[in-house]
Amino acid sequence: MVTTDVFEKLKELQEILVQKYEIEAKVEDAPKQLTSQEELLARLKKEFISSSANYDTIKDSVLKLKLELEEAVKSRESGEKGMDNITTHREYEALEKQILEATDKENEIRKELQKEEKNLAELNEKLKNDEAMIQAQETDLEEGRKSLEQQITDYNNQLKELKAKEDSITPELDQEILFKFERIIQRNSEGIVAVKNGVCTGCHMILPAQFSNIVHEGDSILFCPYCSRILYHEDAELDDNESYFNIAGSLSDLDDDLSDEDDDEFEDEDENENRDDYYDDDSRSQDNDDDEDDEDEDDESDDDDNEDSDED
């Protein structure tokens, strides 16, 4: 067959193209492997910047509270020292009020300061941890980039080898068929499939009988009308025909069962006919007996009539 060599070349080319498209997909998806790491690193840096700004704000608040605390302490101490020099009750009341207000403010500021200093310490610890995590993530990302570059280099080397094999086959093939063939493989991973028992093994659809016969002849390149794959004939193996024989066997058994049922029906009909014949014979014999009895009665009546005439 003229197309036998073409089919073999297409099968060989199919293996090459499948590997080629898989590697090209890996090369395209390879940078995506680092996307999650890059997104995590960007998020960590953003959080670190926000935390740093918050840290500076709290730090300024702590400094301000310390100044206010210092002023409150000075006011309280000034009032306490003035107690030694008061001469009137009014002065005493004024200083006492000053001391109380300064003391309350001092206590309030101290509580707020302790709270802010605690927040500042926690935030400082968080910043240290975030900074360490950022450094670790940057290290991992850099290693991932180097590994990815090496991986892409290996992929490109494989693609060069596959390209060389592809170029050794494609010049001998029809370019239009080759174009369709490559598009089919990109979509379905299979561009050429066998036809067994009139069925396309690519889409498992039953082909028209005349079309299947043309495929069997193998004189031309034909495409499946359902899945568009290139078709070639392949004899079905024993396993492929096994289901057919099982179906045929089951049908023959069904015929036997039906024939047995028909025989039983015929036997039943014969028995019914025999039974009807039996009853018909009985009825006919009964009718004969009745006729004989009637004849006897007629004879007796005739005799009685004769006797009566004699007496007369």
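Select Glu101 to begin: this residue counts as partly exposed because its relative accessibility is 48% (buried means under 20% relative accessible area, exposed over 50%, partly exposed in between, with a 1.4 Å probe and protein chains only). Glu101 is found in helix α3, residues 89-169 (helices, H or I of at least four residues, and strands, E of at least two, are DSSP runs numbered from the N terminus). The model on display is a predicted one, in which local features need pLDDT of at least 70, side-chain atom pairs count only at pLDDT 80 or more, and totals for chains, interfaces and linings use all residues. Residues are numbered from 1 along each chain as its sequence is written, and side-chain values use heavy atoms, with hydrogens and water left out.

Next, add Asp104, Glu108 and Glu112 to the selection; together with Glu101 they form a negative surface patch. Patches are made of residues with over 30% relative accessible area and no salt bridge, like charges being joined within 9 Å and nonpolar side chains (Val, Leu, Ile, Met, Phe, Trp, Tyr) within 5 Å. A salt bridge is a side-chain nitrogen of Lys or Arg within 4 Å of a carboxyl oxygen of Asp or Glu. Asp and Glu count as negative, Lys and Arg as positive, while His and the chain ends are not counted. The place of a charge is taken as CG of Asp, CD of Glu, NZ of Lys or CZ of Arg.

Proceed to Gln137, which lies in helix α3. Gln137 is buried because its relative accessible area is 11%. Leaving aside neighbours within four places in sequence, Gln137 is in contact with Gln37, Leu40, Leu41 and Leu44 (contact means heavy atoms within 4.5 Å).

Select Lys45 in helix α2, residues 35-82. At 35% relative accessibility, Lys45 counts as partly exposed. With neighbours within four places in sequence set aside, the contacts of Lys45 are Ile134 and Glu138. The C-alpha atoms of Lys45 and Ile134 are separated by 6.9 Å, although the two residues are 89 apart along the chain.

Move now to Ser189, in the loop between α4 (175-188) and β1 (192-196). Ser189 has a positive phi of about 70° although it is not a glycine. Asn197, in the loop between β1 and β2 (199-200), has a positive phi of about 55° and is not a glycine either. Most residues other than glycine have a negative phi.

Finally, display the whole protein, whose secondary structure comes to six helices and four strands. Of its 312 residues, 23% count as buried.

Key
Accessible areas come from the Shrake-Rupley method with a 1.4 Å probe; for residues, only the protein chains shown count as cover.
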